[in-house]
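Visitor: I would like to learn how to read a protein structure, going from the overall picture down to single residues. Could you take me through one, please?

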Amino acid sequence: NVPGKMTRICVYCASSARIDATYFAATESLARLFVRNRIEIVYGGGAKGLMGKLADTVIEEGGKIKGIMPKFMNEIEWAHKGVSDFELTETMHERKARFLEDVDGLVALPGGSGTLEELLEAITLKRLGKFTKPIVILNTASFYEPLKLMLNKCVQEKFMHPKHLEMWSFVDEPEQVID
């Protein structure tokens, strides 16, 4: 869970629009919760999928959201046109670094390879002491159960120390993210 007074949170999530409505509902709930608590969101800047739902809801509710996207993605018109606070980067690496600057925590919603890659990089950076903020994984509809099993297997097989399991938390409901 994201403890204390949070003002800015990075959210990793899917760009796919062909996913179950359950994921959109959880994303909308989380976005409303962040706006109610005056938490600014930093996200990937996309207009579709959970990224689009996140941005649409925050904008509708009058909240603050910042998109960060590499120029090449913007050139193929993936950017959300309604997000006014937008930063374009040269590379994906620069984008990922900017996601984690000046945020009070990180929340991962369900997503594909991009979301997983970003999340695992953040976990690695936390392990190395380069990112020290809370990492919360929203396990909507048990989406992240296989990841939870894999991370536990890493500990069982001694690729990681048991204390490393404390670097993140899994929650099942959007309301638990900021409890």
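Guide: What follows is a walk through this structure, from its overall fold to a few single residues. Please keep in mind that this is a predicted model.

Visitor: Let us begin with the fold, then. How many helices and strands does the protein have, and in what order do the elements run from the N terminus on?

Guide: The protein has 6 helices and 7 strands, and reading from the N terminus the order is β-α-β-α-β-α-β-α-β-α-β-α-β. With a radius of gyration of 15 Å, close to the 16 Å that the globule rule gives for 179 residues, the protein is as compact as a globular protein of that length. Its C-alpha trace spans about 45 × 35 × 35 Å along the principal axes.

Visitor: What share of the residues counts as buried, and what can be said about the surface of the protein?

Guide: A residue counts as buried when its relative accessible area is under 20%, and in this protein 47% of the 179 residues are buried. The accessible surface comes to about 9,200 Å², and carbon and sulfur atoms account for 52% of that area. As for charge, there are 23 positive and 25 negative charges, and the mean positions of the two sets are 4 Å apart.

Visitor: I also wonder about contacts along the chain. Among contacts between residues at least 6 apart in sequence, what percentage joins residues at least 24 apart?

Guide: The share is 70%, counted among the contacts between residues at least 6 apart in sequence.

Visitor: Now to the interior. Which residues touch the most other members of the largest nonpolar core, and which elements give two or more residues to this core?

Guide: A nonpolar core is a set of buried nonpolar residues joined through their side-chain atoms. The largest one here has 28 residues, of which Val-11, Phe-34 and Val-107 touch the most other members. Two or more residues of this core come from each of strand S1 (8–12), helix H1 (21–36), strand S2 (40–43), helix H2 (49–60) and strand S6 (135–138), and H1 gives the largest share, 7 residues. If you select Phe-34 and leave aside its neighbours within four places in sequence, you will find it in contact with Ile-9, Val-11, Ile-39, Ile-41, Val-107, Val-177 and Ile-178. There is also a second, separate core of 20 residues, and among its members are Val-42, Leu-119, Ile-135 and Tyr-144.

Visitor: Helix H1 has come up already, and I should like to compare two of its residues. Is Thr-27 buried or exposed, and where does Ala-25 stand?

Guide: Thr-27 lies in helix H1 and counts as buried, because its relative accessibility is 2%. Beyond residues up to four places away in sequence, Thr-27 touches Leu-50, Lys-53, Leu-54 and Leu-109. Ala-25 is also placed in helix H1, but its relative accessibility is 42%, so Ala-25 counts as partly exposed. The C-alpha atoms of Ala-25 and Thr-140 are separated by 9.8 Å, although these residues are 115 residues apart along the chain.

Visitor: Where is Asn-139 placed, and which residues is Asn-139 in contact with?

Guide: Asn-139 sits in the loop between S6 and H6, yet with a relative accessible area of 2% it is buried. Leaving aside neighbours within four places in sequence, Asn-139 is in contact with Tyr-144, Glu-145, Lys-148, Val-171 and Asp-172. From Asn-139 to Asp-85 the distance is 28 Å, C-alpha to C-alpha, with their places 54 residues apart in sequence.

Visitor: Finally, I should like to understand the backbone angle phi. What is the phi of Ser-142, and what is that of Lys-158?

Guide: Most residues other than glycine have a negative phi. Ser-142, however, has a positive phi near 60°; it is found in the loop between S6 and helix H6 (145–156) and, at 45% relative accessibility, counts as partly exposed. Lys-158, which is not a glycine either, has a positive phi of about 65°. Lys-158 is placed in the loop between H6 and strand S7 (169–171), and its relative accessibility of 71% makes it exposed.

Terms used. Residues are numbered from 1 along each chain as its sequence is written. This is a predicted model: local features need pLDDT of at least 70, side-chain atom pairs count only at pLDDT 80 or more; totals for chains, interfaces and linings use all residues. Side-chain values use heavy atoms; hydrogens and water are left out. Helices (H or I, at least four residues) and strands (E, at least two) are DSSP runs, numbered from the N terminus. The radius of gyration is taken over C-alpha atoms; the globule rule is 2.2 Å times the number of residues to the power 0.38. Buried means under 20% relative accessible area, exposed over 50%, partly exposed in between (1.4 Å probe, protein chains only). Contact means heavy atoms within 4.5 Å. Accessible areas come from the Shrake-Rupley method with a 1.4 Å probe; for residues, only the protein chains shown count as cover. Lys and Arg count as positive and Asp and Glu as negative; His and the chain ends are not counted. The place of a charge is taken as NZ of Lys, CZ of Arg, CG of Asp or CD of Glu. A nonpolar core is a set of buried Ala, Val, Leu, Ile, Met, Phe, Trp, Tyr and Cys residues joined through side-chain atoms within 4.5 Å.
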